[in-house]
Amino acid sequence: MSEPQILWLRRDLRMADNPALHAAAAQGPVVAVYVLDDEAADHHAYGGASRWWLHHSLESLGKSFGKRNSRIILRRGDAVEELCKVAKEVGAGTVHANRHYEPWWRKAQGKLDEKLDLQLYDGNYIFPPGFITTGSGDPYKIYTPFYKSSKAKFPPRDTVPEPETISSPENWPDSDVISDWDLLPTKPDWSGGIADFWEVGEDAAHTRLSEWEDDVADYDDQRNLPSIDGSSRLSPHLHFGEISPIQIWHALKHKRSDGWETYESELVWRDYAQNVIAQFPAYPSENYREDYDRIAWRNPDKDEEAAGDLRAWQKGQTGYPIVDAGMRQLWQTGWMHNRVRMIAASFLIKHLLIDWRRGEQWFWDTLVDADYASNATNWQWVSGTGVDSNMFVRIMAPLSQSEKFDAAGYIREYVPELNDLSDADIHDPPDEKRGDYPDKLIPHKAGRERALEAYRAMKNG
Ligand code: FAD
């Protein structure tokens with residue numbers, strides 16, 4: 001019998017188009033291992049919503065391996081140590097894994113490569129870091145030239161089929177039991193809304209993709225309208241690798257339309273975000289533009305009023321219906337519409353003058369698609385502290401954004417106390433019609449001026 005092959009699973013929880021699994025299965029019996037090693041991720045250990053998704057995704061993939069008379073070995077601790085232990089237990093010398101770019105995993109990849117034969121594959125991105133470069137071979141910092149340059153690189157590689165057979169080792173090593181990992185919330189169990197909103201796993205991702213095939217042509221017109229289900233909602237499936245962007249690209253390639261072009265450009269945004277953290281691994285915790293280290297943020301740890309404002313933002317009680325609808329959608333479902341993410345993020349950073357990293361951390365804890373690269377890249381984009389041109393002074397007006405993007409239906413769904421207001425009133429309810437709905441934390445104009453003043457002080461200081 002040939003030597004067992006270790007498959008190191010991370011955010012690639014699928015059977016099909018999984019190059020690492022495909023290679024491992026072709027070379028010998030497969031020992032798939034998932035190591036819960038997120039304590040290595042300083043400040044970015046999985047948040048509550050991600051842990052919920054991970055539990056169900058691992059369970060689902062475990063069943064798929066089970067149908068092939070195989071299994072996933074679960075271990076908790078340091079990834080390199082655990083993989084070396086498993087390798088020793090089964091007599092394996094080779095580990096197959098799809099490349100990941102989170103800094104703790106890059107470190108682990110480096111260490112593992114010194115101890116075992118580590119075979120890495122490109123599995124999770126259309127254009128992984130290093131693939132799209134300037135003429136002189138350097139990585140791009142900014143999205144637009146990255147995207148333009150990506151156009152010449154289509155089509156992406158073909159998908160890799162699910163292995164026909166997955167053979168088993170003579171002896172299985174010990175595995176943890178997933179319920180012992182306590183990934184699901186218990187006291188209190190806040191996951192009911194999330195469970196109602198999502199189906200987790202590879203099959204669910206493909207079901208969603210087949211629904212999306214019919215809608216992608218309308219993406220251009222509908223993606224900014226939060227009251228309409230106008231985006232793919234594939235983000236958590238993509239994040240956990242239940243489906244690959246290359247599978248999505250090939251499934252939709254016969255549906256070329258303006259909507260599909262725009263959709264393709266969003267998939268490239270996802271790759272771009274990895275390209276950013278591959279260059280700047282501390283992007284989620286450090287301003288790229290050092291000038292902004294001097295901004296006099298209001299600090300919720302030292303200022304009670306700022307602490308109250310942060311809590312009101314987190315709970316969807318800011319008095320701005322579009323912001324509150326978004327923040328409540330996030331809390332209830334673990335997801336928020338992209339346009340509303342931008343509005344809510346801008347509101348925290350500018351109207352409330354609270355450091356974008358507070359928002360990044362809240363999203364990290366509550367989004368089912370929380371992604372080290374995409375979350376940080378978008379937060380630094382909204383705050384203007386990142387690699388892009390300066391966005392700090394572009395302050396989104398939440399009330400007119402709400403009207404412009406026709407958010408009345410969305411507000412009614414997530415802020416039911418405003419249900420009876422007319423379309424004319426609901427974006428900015430008049431005082432006499434607010435009922436129990438809170439007053440604005442700060443008027444728009446005052447928030448805007450305070451933000452611009454902080455910006456000027458930073459520039460002069
Ligand atoms: P669609 O509109 O259908 O897009 C298809 C796919 O493209 C998405 O599933 C996603 O994988 C990718 N994508 C789309 N927009 C972006 C973008 N701006 N940046 C990177 N990838 C994108 N997305 C995450 O996946 N994880 C995050 O943690 C995350 N945090 C964000 C934080 C802020 C402040 C903002 C403004 C945006 C954030 N996004 C994040 C990007 C975007 O909001 C989500 O990817 C999108 O809303 C997911 O819904 P969808 O699958 O319906 O997207």
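**Figure 1. The whole chain, with 20 helices and five strands.** Welcome to this structure, which is a predicted model. Along its principal axes, the C-alpha trace of the chain spans about 80 × 50 × 45 Å. A compact globule of 461 residues would have a radius of gyration near 23 Å, and the chain agrees with this because its own value is 23 Å.

**Figure 2. A close-up of the residues around the ligand.** Here we turn to the ligand and its shell. Of the 27 residues around the ligand, the ones that come nearest are S231, S232, S235, N375 and N378. Four helices each supply at least two residues of this shell: α9 (235-239), α11 (258-279), α14 and α16 (372-383). Sorted by class, the shell holds twelve nonpolar, eight polar and seven charged residues.

**Figure 3. Helix α13 meeting helix α14.** One of the helices from the previous view, α14, returns here with a partner. Helix α13 covers residues 321-333 and helix α14 covers residues 338-351. Their axes come within 9 Å and cross at roughly 110°. Angles of 65 to 115 degrees count as roughly perpendicular, and α13 and α14 are therefore roughly perpendicular to each other. The crossing in which α13 passes α14 is left-handed.

**Figure 4. The residues that join α13 and α14 in contact.** On the α13 side, look for I322, V323, A325, G326 and M327. On the α14 side, the contact is made by V340, R341, I343, A344 and F347. By class, this contact of α13 with α14 has eight nonpolar residues, one polar residue and one charged residue.

How values were computed
Residues are numbered from 1 along each chain as its sequence is written. This is a predicted model: local features need pLDDT of at least 70, side-chain atom pairs count only at pLDDT 80 or more; totals for chains, interfaces and linings use all residues. Axes are lines fitted to C-alpha atoms, for helices over the stretch in contact, and angles run from 0 to 180 degrees between N-to-C directions. Angles under 35 degrees count as roughly parallel, over 145 as roughly antiparallel, 65 to 115 as roughly perpendicular and the rest as oblique. A crossing is left-handed if the near helix is turned anticlockwise from the far one by less than a right angle, and right-handed if clockwise. Two residues are in contact if their C-beta atoms, placed from the backbone, lie within 7 Å. Ala, Val, Leu, Ile, Met, Phe, Trp, Tyr, Cys and Pro count as nonpolar, Asp, Glu, Lys and Arg as charged, and the others, Gly among them, as polar. A residue is near a molecule or strand if its C-beta atom, placed from the backbone, lies within 6 Å of it. The radius of gyration is taken over C-alpha atoms; the globule rule is 2.2 Å times the number of residues to the power 0.38.
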